[in-house]
Amino acid sequence: MLKPRTGALRMRALGAMSGTSLDGVDAAVVETDGEQIFAFGPSDYVEYTPEQRAVLSAALGLWWEDDVAAATQVIMEAHAGLLSRFAHVDIVGFHGQTLMHEPRGRGTHQAGDGAELAELLQVPVVWDFRSTDVQLGGEGAPLAPFFHFACAKYIGAKAPVAFLNMGGVGNITYVDPGFAKPETEGALLAFDTGPANAPLNDFMQARRGEPFDRDGRLAAQGTVVEGALELFLDDPYFSRIPPKSLDRNAFGDMVGLVKELGDADAAATLTAMSAAAVMRAMEHCPTPPEKVLVTGGGRRNPVLMEMLSVSLDCPVMAVEEVGLDGDMLEAQAFAYLAVRVARGLPTSCPTTTGVKMSVGGGQVSKPLKTKA
């Protein structure tokens, strides 16, 4: 076990996340013992330049033996520059950049070197969070659910709630806060809902040279084409029983379904597809949640949020309405998970990733030499 800076188990952890939307790197501090959240600390963000985003985009779908040197350099430089701004942390949780995720095939590939980062920062780094879970038969994703369980406790939830992350890929966590531990059967159910922002972002980049549909302005001008939406929902993924997960490009034909449409109608239809995937996902929840708390960039799209509100049978709101930070929730999650790994606590279980048993993923790299 790593020795915390202060208190018996309480640690000041710094987490970093570079998501599938390829917008940039989030970093945030959480004070935790790996079970309870005591406080949220400072956070920061660095945006990828268009050139960096192009390098990362070109590396999507590549594996370890492929030439990912340029992408790895972008990832390491961005993380090192951002994380070095934080002082007085006990441990770092480094997710890296997912380039390929194929849990039933070759595995999962998050580019980036936690050992190198530990040397640069002179702080222990926990990384490669997903591989052990996949090796034991799990999907390797989503990994935030154990943190969502702690967040539900932190905000004082008494009834089941759902955390919905609308990033590049959508994922949902159903939390019953009546349980004491997240790995207890019935406490959690988590899985990827389907594509979220990634197809729309790719469409906007290809059609308009813009990284995303800011504030849903283009979608707001269009009309949803029901035929394309129905073809999308015919995908067998939506009938699979969770837990289940997706690679960023698993629904690569989504843009093909709208290729004959004008820009506004295509944007509206792609947005509706993301919302409809969530509606289908809610059918798997054990009971209707009291509310759905939305995190990720999708919560800033009023068209998407309206579609979710209309299609779901419970209140839908941004996580800020309960005092959480939707921009930093995933970075905070990997700070929290880093402490769990350091303490030997599980980070996933059968109802979050489908792994055969509760397991703690991630390897810990400590600095080999200390700066004078």
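Here are three short exercises on this predicted model, each with a worked solution.

Before starting, note that residues are numbered from 1 along each chain as its sequence is written. Local features need pLDDT of at least 70 and side-chain atom pairs count only at pLDDT 80 or more, while totals for chains, interfaces and linings use all residues, and side-chain values use heavy atoms, leaving out hydrogens and water.

**Exercise 1. Find out which stretch has a pLDDT below 50.**

Solution. Start with the whole chain: the average pLDDT (the predictor's confidence in each residue, from 0 to 100) is 94, and 97% of the residues score at least 70. Next, look at residues 1-7, where the pLDDT is below 50. Beyond near neighbours in sequence, this stretch has 16 contacts (heavy atoms within 4.5 Å) in the model.

**Exercise 2. Describe how helix α5 meets helix α12.**

Solution. Step one is to locate them: α5 spans residues 145-154 and α12 spans residues 329-343. Helices here are DSSP runs of H or I with at least four residues, strands are runs of E with at least two, and both are numbered from the N terminus.

Step two is the geometry. The two axes come within 9 Å and cross at roughly 100°. That makes α5 roughly perpendicular to α12 (65 to 115 degrees).

Step three is the contact itself. From α5 come F146, F147, H148, A150 and C151; from α12 come L329, Q332, A333, Y336, L337 and R340.

Step four is the surroundings. Eight of the ten residues of α5 are buried (under 20% relative accessible area, with a 1.4 Å probe and protein chains only), so this helix is largely enclosed by the rest of the structure. Among the buried ones are P145, F149 and A152. The partners of the buried residues include β3 (37-47), β7 (161-166) and α12.

**Exercise 3. Work out how F129 and F334 are arranged, then do the same for F232 and F251.**

Solution. Begin with the count: the whole structure holds nine aromatic pairs. Rings of Phe, Tyr and Trp (its six-membered ring) pair if their centres lie within 6.5 Å; planes under 30 degrees apart are stacked, over 60 edge-to-face, and the rest tilted.

F129 and F334 are edge-to-face, 5.0 Å centre to centre with 70° between the planes. They sit 205 residues apart, F334 being in helix α12. Both F129 and F334 are buried.

F232 and F251 are tilted, at 5.5 Å and 55°. F232 lies in helix α8 (residues 226-233), 19 residues from F251. Finally, F232 and F251 join Y237 and F238 in one aromatic cluster.

Definitions and conventions. Axes fitted to C-alpha atoms, helices over the stretch in contact; angles between N-to-C directions. Parallel < 35°, antiparallel > 145°, perpendicular 65-115°, else oblique. Buried < 20%, exposed > 50% of the residue type's maximum accessible area, 1.4 Å probe, protein only.
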